[in-house]
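I opened my notebook today to practise reading a fold. Come along and look over my shoulder.

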Amino acid sequence: LVQDEVETRLARVLSQIAGAGQVEVLVMEDGCDGVRGVLIVADGAAELTVRTELMRAAMTALDVPASSVEVFARNEE
């Protein structure tokens, strides 16, 4: 899949996690080495349990370690 498709599909799946709300995903790739990092911004990420579930789901979906995933709460504007 193309990177944009991966981000779109992952955001769609992550938004289905209870409490996640709207989710945006940025996947940083390192050429032929695969995924280097994942940035997730979600409405519900201020809640520790939601943040943890988002991280675990991204780790599973992209086969990356926790150190490669960062989750942040969306600005409440």
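These entries follow what I looked up, starting with the sheet and ending with one residue.

**Entry 1: the sheet.** I noted first that this is a predicted model. I then looked for strands and found 3 of them in an open sheet, ordered β1-β2-β3, with mixed pairing. Which strands stand at the edges? They are β1 (23–29) and β3 (69–73), and each has a single partner strand, so one side of each is left without a neighbour in the sheet. I also looked up the twist: neighbouring strands here are turned by 15° against each other on average, direction ignored.

**Entry 2: one pair of strands.** A reminder to myself: strands of a sheet pair through backbone hydrogen bonds, either parallel or antiparallel. I checked β2 (residues 35–42) and β3, and they run parallel, joined by 5 bridges. As an example, I traced V41 to its bridge partner in β3, which is F72.

**Entry 3: helices on the sheet.** Next I turned to helix α1 (residues 3–14), which packs on the sheet and touches β1 and β2. Its direction makes about 145° with that of β1. Helix α2 (residues 48–62) lies across β1, β2 and β3, and runs at about 145° to β3.

**Entry 4: a length check.** I wanted to know how the length of α2 compares with what its 15 residues should span. At 1.5 Å a residue, the expected span is 21 Å, and the end C-alpha atoms are 21 Å apart, which agrees.

**Entry 5: two sides of a helix.** Which residues of α2 are buried? I listed V50, L54, A58 and L62. They cover an arc of only 75° around the axis, which puts them on the same side of α2. The general rule helps me here: an α-helix has 3.6 residues a turn, so residues three or four places apart point the same way. On the other side of α2, I found L48, T49 and T60 exposed. I also looked up what covers the buried residues of α2, and the cover includes α1, β1, β2 and β3.

**Entry 6: a closer look at L62.** L62 lies in helix α2. Is L62 buried or exposed? Its relative accessible area is 18%, and buried means under 20%, so L62 counts as buried. Leaving out residues up to four places away in sequence, L62 touches V6, L10, V27 and V38. I also checked M28: it is 34 residues from L62 along the chain, and their C-alpha atoms are separated by 11 Å. Last, I looked just past the helix: α2 is followed by D63, whose phi is positive, near 55°.

Technical notes:
Residues are numbered from 1 along each chain as its sequence is written. This is a predicted model: local features need pLDDT of at least 70, side-chain atom pairs count only at pLDDT 80 or more; totals for chains, interfaces and linings use all residues. Side-chain values use heavy atoms; hydrogens and water are left out. Two strands pair if DSSP finds at least two bridges between them. Helices (H or I, at least four residues) and strands (E, at least two) are DSSP runs, numbered from the N terminus. Axes are lines fitted to C-alpha atoms, for helices over the stretch in contact, and angles run from 0 to 180 degrees between N-to-C directions. Contact means heavy atoms within 4.5 Å. The expected span of a helix is 1.5 Å times one less than its number of residues. Buried means under 20% relative accessible area, exposed over 50%, partly exposed in between (1.4 Å probe, protein chains only). The arc is that of the directions from the helix axis to the C-beta atoms.
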